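Thanks, everyone, for making the time. I would like to walk you through one structure, beginning at the ligand and working outward, so please have the display in view.

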Amino acid sequence: MIFSLDHLSVRHPGAAASGANGASALRDVTLAARPGEQIALIGPSGAGKTTLLHTLAVALCPSQGNVTLFDNDPWELSSSARHALRSRLFLAPQTPPLPPRQRVVNAVLAGLLPQWSIWQALRSLIKPIAPVAAFEALARFNLQDKLYARVDRLSGGERQRCGMARLLISKAQLLLVDEPLSALDPTLSLQTLAVLQQEAGARQATLVCSLHQVELARTHFPRIVGLRDGAIMFDLPREQVTDGMIDALYRGVNEVESGTHFDDESGVGLSLTDSATYTPRC
Ligand SMILES: Nc1ncnc2c1ncn2[C@@H]1O[C@H](COP(=O)(O)OP(=O)(O)OP(=O)(O)O)[C@@H](O)[C@H]1O
């Protein structure tokens, strides 16, 4: 498995400080993925998609349950080992945190930072170390002419694809992508999704992608996870996801049973049985 989450609950630090009951952004989530799987995360606003991606990216510590990532519990590791583990994944947030005055070439090359020493990183800021790699990554999104543009001169959609180009040049084996199409028109959405999926397929990386475009999720991803109120409502191959399930997910019709998982020979969607909980260590 690339990752497995076992009866996981997550509270945002702000929510925990308020002491509000039931404020967990994720509740009792059990989910696992194998190398090369491509999973769409769907669900209404506030369902917990971003929280799940951030938990997989080891940016949020669970309040209950276990997380295993590349055969390690990241929260049992030293901070340097955890840092090394994080270099094996890439989180592309919905709004990429690109410094406004930075050149696009440097913003894209930041995808190589986990592989670089501090000296290489500093040197690259003065004279980009791998401009050809950045050019080629941008070219896959038709942005090659923006190589030396400033980030704050890009449109929202260009900035979003610049973040995707950063993902392309990373060496990550787990690609976590949060609403990559939110600033893109329908044609660019299809092209961008195709590039992401081709790249994940080519490197046999696991792709987990949150999407509000339900039909795109259903036509392009082999496995669909539906989240609502922090819980998994279904985790199914796309052929088994019905219109009724989608209606229930978004309109509150009580048609899907919470915690439905599937467990076929391919091993996707395995339910995990060991439900040991632990005191939060972070
Ligand atoms: N920093 C935070 N502090 C406290 N609560 C938060 C924080 N971020 C998110 N939440 C809460 O956690 C829950 C899940 O939010 P999350 O952003 O994961 O949902 P989402 O499915 O990604 O939504 P969207 O589709 O609107 O991006 C929501 O109730 C939200 O209000």
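**Around the ligand**

The shell around the ligand is made up of His12, Gly14, Ala15, Ala25, Gly43, Ser45, Gly46, Ala47, Gly48, Lys49, Thr50 and Thr51. Two elements, helix H1 (13–18) and helix H2 (49–56), give two or more residues each to that shell, and H2 gives the most, with 3 residues. Sorted by character, the shell residues divide into 3 nonpolar, 8 polar and 1 charged. I should say at this point that we are looking at a predicted model, and please keep that in mind for the rest of the talk.

Let me stay with H2 for a moment. Is H2 enclosed by the rest of the structure, or open? In this model 8 of the 8 residues of H2 are buried, so the helix is largely enclosed by the rest of the structure. The buried residues are Lys49, Thr50, Thr51, Leu52, Leu53, His54, Thr55 and Leu56, and of these Lys49, Thr50 and Thr51 also appear in the shell around the ligand. Just after H2, Val58 takes a positive phi of about 60°.

Stepping back to the whole protein chain, the secondary structure comes to 10 helices and 9 strands. Buried residues make up 40% of the 282 residues, and, among contacts between residues at least 6 apart in sequence, 68% join residues at least 24 apart.

Now to the sheets. One of them is an open sheet of 6 strands, with mixed pairing, in the order E5-E6-E7-E3-E8-E9. At its edges stand strand E5 (89–92) and strand E9 (231–237), and because each has a single partner strand, one side of each is left without a neighbour in the sheet. On average, neighbouring strands in this sheet are turned by 15° against each other, direction ignored.

If we read along the order from E5, we find that E5 and E6 pair in the parallel sense over 4 bridges, with Leu91 standing opposite Leu176 in E6. Although E5 is an edge strand, both of its faces are covered, since Leu89 and Leu91 on one side and Phe90 and Ala92 on the other are all buried. E6 and E7 then pair in the parallel sense over 5 bridges, and here Leu174 stands opposite Thr206 in E7.

What does E7 itself look like, in terms of burial? For this strand 5 of the 5 residues are buried, so E7 is largely enclosed by the rest of the structure. Thr206, Val208 and Ser210 point one way from the strand, while Leu207 and Cys209 point the other way. That fits the general expectation that, in a regular strand, side chains alternate between the two faces of the sheet.

Continuing along the order, E3 and E7 pair in the parallel sense over 4 bridges, and the bridge partner of Gln38 in E7 is Leu207. Strand E3 (residues 38–42) is also joined by 4 bridges to strand E8 (residues 223–228), again running parallel, and Ala40 stands opposite Ile224 in E8. Across E3, strand E6 (174–178) and strand E7 (206–210) lies helix H8 (residues 186–202), which runs at about 155° to E7.

At the far edge, strand E9 holds Met233, which is buried, with 21 other C-beta atoms within 10 Å. Met233 and Leu249 are 16 residues apart in sequence, and their C-alpha atoms are 7.4 Å apart in space.

Which residues touch the most other members of the largest nonpolar core? Of the 71 residues in that core, they are Val108, Leu175 and Leu176. Leaving aside its neighbours within four places in sequence, Leu175 is in contact with Phe90, Leu167, Ala200, Ala205, Thr206 and Leu207.

Finally, there is an open sheet of 3 strands, in the order E2-E1-E4, with antiparallel pairing. Strand E2 (26–33) and strand E4 (64–69) stand at the edges, and because each has a single partner strand, one side of each is left without a neighbour in the sheet. The twist averages 15° from one strand to the next. Strand E1 (residues 3–10) is joined to E4 by 5 bridges, running antiparallel, with Phe3 opposite Leu69 in E4.

I will stop there and take questions.

Methods. Residues numbered from 1 in each chain as written. Predicted model: local features only at pLDDT ≥ 70, side-chain atom pairs only at ≥ 80, totals over all residues. Pairing = 2+ DSSP bridges. Axes fitted to C-alpha atoms, helices over the stretch in contact; angles between N-to-C directions. Contact = placed C-beta atoms within 7 Å. Core = buried A, V, L, I, M, F, W, Y, C linked by C-beta atoms within 7 Å. Buried ≥ 20, exposed ≤ 12 C-beta atoms within 10 Å, placed from the backbone. Near = placed C-beta within 6 Å. Nonpolar A, V, L, I, M, F, W, Y, C, P; charged D, E, K, R; others polar.
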